[in-house]
Amino acid sequence: MSEKRLKRQLIKKKLFTKNRLVILNEDSFEEIFSLRLTLMNVFVVATIGAILIITITTFLIAFTPLREFIPGYASDELKRNATELALKSDSLSNSIKKNEAYIASIKRILTGDLDYAKFSKDSIYAAQFDEKSEENKPSKAELEIRNKVNQEDKYNLFEKAQPKVNSVLFAPVKGSITERFSLRNKHFAVDIAVAKDTPIKAALNGAVIFADWTPTTGNVIIVRHNNGFLTVYKHAASLTKSQGDVVRTGEVIALAGSTGKESTGVHLHFELWKDGYAIDPTQFIEFE
């Protein structure tokens with residue numbers, strides 16, 4: 001017991017023994033500053049200082065923008081922007097996929113590389129999914145629209161009725177019409193006889209969504225316009241525009257020719273589509 005007591009007293013003496021910290025002038029040995037300290041005081045002050053430093057650091061990291069400068073931390077605004085960008089990218093990705101499917105359907109139908117039995121008589125929208133799927137089951141409103149379209153198609157209303165559109169289209173070429181638009185004969189275009197290499201011009205401002213050669217219709221160029229219009233130019237000798245180009249009304253986009261297996265001579269096969277349906281181009285354009 002005595003040894004333990006002695007050790008305790010020795011430790012207590014070391015902790016509470018007063019020491020003097022003196023700062024002297026090196027040249028004159030004049031005392032500038034002095035401070036009485038004990039080991040206990042030093043320990044207490046160091047502990048309190050460490051706690052204060054940890055507390056202040058935690059506060060700065062948790063509640064001030066300074067945490068953005070620490071590697072591994074991101075600001076709330078940056079997180080929100082990242083989330084918004086991720087949502088927008090997903091939305092854009094879905095829109096691009098739908099647009100690509102839509103354009104692919106247009107290309108396949110208008111270039112003759114498709115079984116028409118799988119599509120409505122004059123619609124350019126392809127069935128991208130299984131019709132038996134519950135997700136693609138048409139609604140009541142869609143069924144009513146389909147019935148209305150079928151009735152119009154049945155009685156050839158597209159050929160008789162005047163379209164409810166005020167757009168004015170530029171004649172792509174001037175010449176003699178050798179074959180007119182006919183839904184009954186599945187000829188969704190007008191054929192205009194012209195001289196070889198006659199410039200073919202854009203009927204409206206728009207963007208080229210297809211410009212390539214096909215076995216059946218030769219050189220084909222398709223232009224998408226505002227207000228749901230599509231114009232198609234087939235059997236061209238050569239094309240002066242490429243897919244993705246923006247064209248203006250009256251701008252030359254191709255030269256007339258007689259390319260493709262279905263061509264019967266030098267002429268322009270011109271199709272006009274509105275909101276996915278073929279319409280008679282002569283209702284808008286004077287070719288002769």
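## Strand β8 and its partners

Val-232 stands opposite Glu-271, a residue of strand β11. The model described here is predicted. Val-232 and Glu-271 face each other across a pairing of β8 with β11 (residues 267-274), in which the two strands run antiparallel and are joined by 6 bridges.

β8 also pairs with β7 (residues 218-225); these strands are antiparallel and 5 bridges join them. Asn-219 has Ala-236 of β8 as its bridge partner. β7 and β8 form a hairpin with 3 residues between the strands, and in this hairpin Asn-227 takes a positive phi near 65°.

Strand β10 (residues 252-256) is another antiparallel partner of β8, with 3 bridges between them. Here Ala-236 is paired with Ala-256 of β10. Most of β8 is covered, since 8 of its 11 residues count as buried.

## Aromatic rings

Searching the whole structure gives 4 aromatic pairs. One of them joins Phe-229 and Phe-284 in an edge-to-face arrangement, with 5.7 Å from centre to centre and 85° between the planes. Phe-229 belongs to strand β8 (residues 229-239), while Phe-284 lies in the segment after β12 (277-279), so this pair ties together parts of the protein that are 55 residues apart in sequence.

How accessible are the two residues of this pair, Phe-229 and Phe-284? Phe-229 has a relative accessible area of 1% and is buried. Phe-284 has a relative accessibility of 13%, so Phe-284 also counts as buried, the cut-off being under 20%.

Ring pairs also link Tyr-233, Phe-270 and Phe-287 into a cluster.

## A charge over a ring

Phe-229 has a further neighbour besides Phe-284: the charged end of Lys-274 sits over the Phe-229 ring, 5.6 Å from the centre of that ring.

## The protein as a whole

The protein has 5 helices and 12 strands. It comprises 288 residues, of which 30% count as buried. The exposed area is about 19,600 Å², and 56% of this area is supplied by carbon and sulfur atoms.

Contacts can also be sorted by separation along the sequence. Among contacts between residues at least 6 apart in sequence, 58% join residues that are at least 24 apart. The pair of Phe-229 and Phe-284 is one case of parts distant in sequence being tied together, with the two positions 55 residues apart.

Note on methods
Residues are numbered from 1 along each chain as its sequence is written. This is a predicted model: local features need pLDDT of at least 70, side-chain atom pairs count only at pLDDT 80 or more; totals for chains, interfaces and linings use all residues. Side-chain values use heavy atoms; hydrogens and water are left out. Rings of Phe, Tyr and Trp (its six-membered ring) pair if their centres lie within 6.5 Å; planes under 30 degrees apart count as stacked, over 60 as edge-to-face and the rest as tilted. Helices (H or I, at least four residues) and strands (E, at least two) are DSSP runs, numbered from the N terminus. Buried means under 20% relative accessible area, exposed over 50%, partly exposed in between (1.4 Å probe, protein chains only). A charge sits over a ring if NZ of Lys or CZ of Arg is within 6 Å of the ring centre and within 35 degrees of the ring normal. Contact means heavy atoms within 4.5 Å. Accessible areas come from the Shrake-Rupley method with a 1.4 Å probe; for residues, only the protein chains shown count as cover. Two strands pair if DSSP finds at least two bridges between them.
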